[in-house]
Each structure stands twice: as C-alpha cells, then as structure tokens.
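Please work through the exercises below with the sequence and the structure at hand, trying each task before reading its solution.

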Amino acid sequence: MIWGEHMNLATIALKNLKRNFSFYSLYLASISFVLMVYFCFISFSMNEIIIEKISSDGRVEMMCDVVAIFIMAFVIFYMFYSNNFFMHHRMKELSIYALLGYRKVDILCLLTIENIFICLVGTLVGILAGSSLHTSVTIGVVALLDLTIDMEAVPFINSQAVGLTFLFILAVLLTLTLSNSVLLLKSTLLDLVRLEKKVEKPIRPNIVLSIIGIIFLFSGYALALDIVRGSQSFWTTIGFSPIALLTLILVVLGTILFIYSFVPFVCQCVKNRHKILYQENTIIVVPKFMHRIRSNATSLILLILLVAGTLSVFGATTLSVWYPYRTVERIIPSAIEYRVENKQQSKQALEELAEELTSQEYQVQETNLLKITATSDNLPDEYSISGKEVRTPGFECMSLTDYNTLLSSQGKESSISELSDSECVLVKYRPDPQNSDLGAVYHLDLGNGATKDVTVIQTTLDNPIGFANSIATLLISDHLYQSIASEHPDQIAVVSINGGTTRYDEAAYMILKDAMPDNIYLVSAWQRQTEIIQLNSSTYLLITFATIILLIATGSILYFQNLSAVTYDRNDYEILQRIGYNRNMIKRCVHRQIQIYFVIPYAIGILHSIFAIICYKSALMDDVLGQANEFIFPVALSIGIFTIVYVIYYQVTKYSCYKAAMN
C-alpha cells in the first residue's frame, strides 16, 4: 500500500513538472548552470596535474578551499531561495491536495520527489557540462601559461568530484526537505489557502528617516573618498580598521533606510502629483510598487548588497591583475635591461644576441650612472621604508643627453630640453601630486671635500632605467655630469635593449639569460609580464568562479521575484484588458514594473562598488603610474561584463513576465 502511494505521488510529481515545464524551465536551467560551475570548480581543484604546475607554495590550494566554501554557501542559498519561491507560489495547489485528503506527510513526499527529479536532472546536466567546461578551462590555462601537460592524463569526468557533488546535493535535498516539513507543520489548512495571497501592509513614507538614510549614504561615500588624501586622511590618522567598519555600517544602514523610507517617499511624491500619476503606466505601476515595498524591501536590499559585493570582488580582482601588468612599462621601461658586472661576459652575450636576431632591428645602449652621496633637508621618500632609513642618502646621476636618447629608443618623448649646472630633475618612484620635492636643494658630494648644490626644478615619472637597477635617478646637465665623472666616482654601467620584438620576445631574453646565468640584474618586460600572468591567473580564475555564482544568484532572484509578482497580478491585467488596455499597453505596464526591480539594485550596487574599489586601490595597491585611466579601464571592464549578463537576465525575465501576464 505504501509503495503504491509512493508510486502515485511520483506520478503526480512527474505530471506537475511536465504540466508546468515552462515555469520550471529557468529554475532547472539555473540549477544546471550553477552545478556546472560548481562541478567545474571542484574538478579543477582536484586536478592534481595542473595544480602542481601552477602552485609552488600552497597558495592555490588554500584559495581553492576558501572559494569552495564560498561557492557551496551560495549554491545552498540560491536553492533555498528558489525552493521558498516555489513553495509560496504553489500553496493554493497544495491546499487543494489537503482538501482532497492528502496528509501533510504525503504533500511533503510530493515536494521531495519533485526536488529529487529537478536536482537529479540538474546534477546530471551540470556534471556533463561542467566536465566540458573543466576541459576547456584546463586547455586555456595550459595555453595561457605555456605549461607542458599531457591532456590525455586529465580525465574528462573526475570520479571524486562526481561523488562529492552527489553528496553535496544529497545534503541540500535533506535540508530542503527539513525546511519544507517545518513550513507545512506550522501551517493550517487555512494558512495554505491564504499564504499565496498574503500581502504586507504598505509602508508609510517617513521624511526624517529618508533624510537620515541619504545622509548616511553620502557620509559613507565621503569617508571612502577621504582615503585618497593619503597620510592626512582619517584612514591614516585614526586607523584603517575603525574607519573601514564605520564606512561599511554607514553604507549598509543608508541602503536600508533608502529602500524602506526614501524610495516609498519618492513614490508618494509621484502619487501626489496628479499630472505625473495619471499616465497609463504610472497609475498602475506606482501604487503596486508602494503596496508591496515592505515584502520586497528585504529582497531589494539583499540584491543591492549582492550586486555591490559581486562588482567589488570582480572589479578589485580585475584591477589587481591589470595594474601590475601595466606597471611593467615603468618597472622595466626597456625591453631588456641588465647591469654590467663582467664586461667580457656582457660583450659575448650581445654578440650571441646579434647572431640570433639578424632579421630584427634593435638598439643597444650602455648608460653610465654616477653614484653620488648627497645631503639635504628634504630628501625624497624613495630613501626610506616605514620611516626607517635603508640606504646611504644619494643618487644615481644621469646626463640629460643619455636620458633623452634612452627615452627615444623606448618610443617616448622627453619633456626636458636643457638644464643648467645648478638645476636637476628628480625621477620619482611614486606620483607626487603635491610636488613636495620641487625647490629642494641637494648637496652633491663630488669628492675631496668639494660639493655642488643643485635645485630640483621638475619631477618626472618617465624613468629611463628599471627599478631593479636604479630607484633614485637624478638628471643633471651634461657639463656637470662630465665634471663629476672626471673625479672617477663609483659608476654603474647599465645596458638597455629596445626595438624590434624584443619587448615581447622570449628568445632574446633566454639568449642573454643563458650567456649570463649569474647576473641577478638581468630583467625583461616579457619575463616580468609572463611572471605576473602566472602568479595571478589562478587567483583570477578562482574569483571568476565565485563571481559567476553571484551573478546567477542575483539574476535568478530578480527573475523569480518579478515572475511571482506578475503571476499574482494576472487577474488585474485581465481586468485592465476589459476596461480598454490593449496588449501593448499591458506590456508597457509589465515592462515598467520589471524595470524598477532591476534598475534600483543595479544603480545603487554599482555606486557602492565604485567607492569600495577606490578604497581598495588607495589602501592596498602601490600606485606607480599616476594615471587615472589605468584605474578606469579594468573597473569599466568588470562593470561591462556584469552589465551584459544582467541585461540577458532582464530580457529573459521580461519575456517570461509578458507570457505570464497575457496567458
């Protein structure tokens, strides 16, 4: 008898899924997509062959563990949210089962069987798609990092990952069943009938709370921007942690008050303006939004924080990868550079390079830097770290002619045409918007008790020599340079190679590396860029997994929330059709209703994330470029990618809501 009842419930569950396939289709697709990303990540983290290649210090393994917990938490959150949505949507149907004599245990079994079918299909699709995605990711990482891996040794489907995925889904199903049982046991038959129609009382707008919310938001943004003042900011004078916590609290409280008070206040103002209210769309959308803002406010706040968190993490990670890559232009301005430690070895290395690169036109320039000690009341920050002096005060002096020639070979234009013997130009390591070094007088020690005073008339970020060989370069006139050089001070000979494809060529660097294996000063732009990609690619890949999960969660919540609202209002749209609204007018009403719920989280979330990324850049990134566009591009790229996915979800939601309103 019990077996027959279970078979009967299974038949009903299959018929329900088949009859409502269009309604469940996006849910199934979302579950499959989420599990595809999850399975791909688990397979990647268990791929010992590639993990051994990209991780040498255990950092990748540690990040895999952290991101795995993060992804699992959001998969559980998403499935719980989706389950609660469908439970509330189907309460009327479940109440009919109760009226027909089905016990709550039978209804719970029915829901569990449906969840098992959906999760089983989603898991199977996710495993197959995730295996394909894992193979593609592995091939991409191998190609990007130029790794030597036998792809045939990497299984298409990782059996350990399959077992872990099924255990995880089983745990989720048990938890969902427990959650559904609690909801059913607490609900009476009357509750089941009324729960789907239950609507919160509308919020009464409060002008005082609205103003407080705006003040909180602007105060949080102002504190975030204050960090750009550097040592004079509250972040430095008071402390990073307390100001960061205060900023976070202000923004979160401001967001809550903004949604609960300011948004309804704006709607109330629109409602009181009859010329604006009495429009074919406004008169329908605004009252509905105000009537439901209490029940939807929590979801809107959650979505705002989800969007802000997603973009902050993704934008900061993109910036962390892009910025070091771009700073190679300053860290190693020439294609290849090294300090001459053995003249004969250097000569032989250059001859070997010339033999191999016969088809390329490149320039080799040797520059002699004069090491001069100096005293001053205003020495640059380049001489100290955390307030402790780490080197003898002094400079590597370069003649203006050598500087201009070297800059020209690097494809740059010099802004310095001439210098007198009493003038100098300081090459800065970090940007100095306050020009604190202008006018500083340096007393150069020429030897034998003689000194020469030079005044800083200009600072520049166009360093001709890489920071591995000179971090305190001082440009002086040719005449002064010759005078100092005649006293035979300590000199550093630096060879710079530019032109052709040497900046992007592995071969040129490897020739010199083989010829001078012990020269620790040998650096190349290609070598540094490759190193940055290798160090950051795994981190970026892991963060991308987490970002995709966040994107799916955000888009799916918006989809189900809007579809639920439109489905609930289907009778209202039928009434509108009877009083003269045509299909296009109803579509515009639905369109405006959807726009509100998509635009608010998107706009405020992006605003939050921009200020968060500003804090991240100013506090944790060493700015050596001083170019705003280098900050804008990676942030705009992450926002653009997010926007594309967001718009896709918007279009899918709009299409589904049109169908729900018209059927």
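Three exercises follow, each with a worked solution.

This is a predicted model, in which local features need pLDDT of at least 70 and side-chain atom pairs count only at pLDDT 80 or more, while totals for chains, interfaces and linings use all residues. Residues are numbered from 1 along each chain as its sequence is written, and side-chain values use heavy atoms, with hydrogens and water left out.

**Exercise 1.** Find how many helices and strands the chain has.

Solution. Helices (H or I, at least four residues) and strands (E, at least two) are DSSP runs, numbered from the N terminus. On this basis the chain has 21 helices and eleven strands.

**Exercise 2.** Decide whether Gln529 is buried or exposed, and list its contacts beyond four places in sequence.

Solution. Start with the helix: Gln529 belongs to H18, residues 525–568. Next, buried means under 20% relative accessible area, exposed over 50%, and partly exposed in between (1.4 Å probe, protein chains only). Gln529 is buried because its relative accessible area is 12%. Finally, taking contact as heavy atoms within 4.5 Å, and leaving aside neighbours within four places in sequence, Gln529 touches Tyr325, Val328, Arg503 and Tyr504.

**Exercise 3.** Locate Phe166 and classify its exposure.

Solution. First, Phe166 is found in helix H7, which covers residues 159–186. Then, because its relative accessibility is 34%, Phe166 counts as partly exposed. For the chain as a whole, 48% of the 663 residues count as buried.
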